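Q: Could you take a close look at a single part of this one and walk me through its surroundings? I'd like a connected story that I can follow on screen.

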Amino acid sequence: MKVLLLAMLVVSTLAHPDYSDTWEEFKEKFDKEYESEDEENQRSGIWRSNVDLIKEHNGQADAGVHSFHLGENALADLSTDEIRIRFNGFIQSETHGSEAVFQSQVDLASLPDAIDWRQNKTVTPVKNQLQCGSCWAFSATGSLEGQHALKTGALVSLSEQNLVDCAKKEGNHGCAGGLMDFAFKYVKDNKGIDTEASYPYTAKTGKTCLYNATNSGANLTSWIDIPHKSEADLQKAVGSVGPISVAIDASRPTFHFYKKGVYHDHRCSSSRLDHGVLAVGYGSATQENGRNKDFWLVKNSWGEKWGMDGYIQMVRNERNACGIATQASYPVV
């Protein structure tokens, strides 16, 4: 018995917290199965490359080169291009069709140093879009859920599938991508959006729109765009309005395998955006060198096992890193 306990202790000590030590361990951890030996060999090769990336990056992070760490997740057997194509569905557009541009007389100095709208019961639990480019729908429901909760006092989870199936006329393409402002336009034109419970998510573009007005969970009257590339205006909006829909460049493998810390990849674009997410707060984190690093608190839609329980801290006040303030907006209810 003592020998068995010692063996178990050795195994747990050797197990690495950032990644699986073996391919078999990875498959078991994330319940992976493959149709053929050839496919499994391909996936194991991709996994090994991603683990090597995680190991190299985290070694540099431990040495103070980076402000964030990476970790293995369910995406680790997918290539960078596969992740981008299957999970990043924001379609960039110069014309939003917005009805107003955000104007605020709020002084930045009067805003709190940090805010987290999750603490105000305005943010639903982290959701999972799965392999469907519907991030735009999750971002749109997130900001509408927040505004509806602030106005009514009731936090209602809203249906992304309603948007995926029904918002094509406004310019969206279901699992092939879309834009948050176009989602807001659909809700306004439609005079409502169904609840999550009444119109559950399938991760597929439905052939028929199944909206039922009797199951509507929220509505909106208009939407407002934040001035392009202005982190100051985005901070005013997040600090005084609530959760804000934002688009980012999420094409980097460092984003795909983000685990903790303040994300700052210098190769991240501030103009080429491909993923819709939700800014639910901001703050500052003290680094090991004693310096503060400002961040945006961002809710992703890749499930709770990604990042920090489904969230990421993205660097703030660093030249609009990853374009987080380039195309931000929120609904008015």
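A: Let's start at Q147: leaving out residues up to four places away in sequence, Q147 touches V241, G242, P243, P331 and V333. Keep in mind that this is a predicted model. Q147 sits in helix 5, which covers residues 135-152. Is Q147 buried or exposed? Its relative accessible area is 11%, and because the cut-off for buried is under 20%, Q147 counts as buried. Its side chain also has a polar partner to look at: one of its polar atoms lies 3.1 Å from the backbone oxygen of V241.

Now follow the chain around that partner. G242, another of the residues that Q147 touches, comes just after helix 8 and has a positive phi of about 140°. Helix 8 itself runs over residues 231-240, and 8 of its 10 residues are buried, so the rest of the structure largely encloses it. The buried set is E231, D233, L234, Q235, K236, A237, V238 and G239. What lies over them? The cover includes strand 3 (115-116), strand 7 (244-248), strand 9, strand 10 and strand 11 (311-315).

Two of those covering strands lead on to the largest pocket. Strand 9 (275-286) and strand 10 (292-299) each give two or more residues to its lining, as do helix 3 (37-62), strand 1 (68-70) and strand 8 (258-263). The pocket holds about 830 Å³ of space. Its lining has 34 residues, with G64, V65, H66, S67 and F68 lying nearest the centre. By class, that lining splits into 7 nonpolar, 15 polar and 12 charged residues.

Helix 3 deserves a stop here, since it supplies the largest share of that lining, 6 residues. It has 26 residues and spans 37 Å from first C-alpha to last, close to the 38 Å expected at 1.5 Å a residue. Its buried residues are R43, I46, W47, N50, V51, I54, H57, N58 and A61. Among the things covering them are helix 2 (23-29), strand 1, helix 4 (80-87) and helix 9 (253-256). Just past the end of helix 3, G64 takes a positive phi of about 90°, and G64 is also one of the residues nearest the centre of the largest pocket.

Strand 3 and strand 11, also in the cover of helix 8, each have a neighbouring loop worth a click. The loop between strand 3 and helix 5 contains L130, which isn't a glycine yet has a positive phi of about 60°. At 43% relative accessibility, L130 is partly exposed. L130 is also among the residues nearest the centre of the second largest pocket, together with A74, L75, N128 and W302. That pocket has about 390 Å³ of space and 16 lining residues, divided into 8 nonpolar, 4 polar and 4 charged.

The other loop, between strand 10 and strand 11, holds D309. Its phi is near 55°, again a positive value in a residue other than glycine. Is D309 buried or exposed? With 59% relative accessibility, D309 counts as exposed.

Note on methods: Residues numbered from 1 in each chain as written. Predicted model: local features only at pLDDT ≥ 70, side-chain atom pairs only at ≥ 80, totals over all residues. Heavy atoms only, no water. 1 Å grid on protein atoms, 1.4 Å probe; cavity = no way out; pocket = protein on both sides within 12 Å on 5 of 7 lines; lining within 4 Å. Points joined across faces, edges and corners; volume = space filled by probe spheres on them. Helix = DSSP H or I, 4+ residues; strand = E, 2+ residues; numbered from the N terminus. Nonpolar A, V, L, I, M, F, W, Y, C, P; charged D, E, K, R; others polar. Expected span 1.5 Å × (residues − 1). Buried < 20%, exposed > 50% of the residue type's maximum accessible area, 1.4 Å probe, protein only. Contact = heavy atoms within 4.5 Å. Polar contact = N/O pair within 3.5 Å; in protein donor to acceptor, adjacent residues only side chain to side chain.
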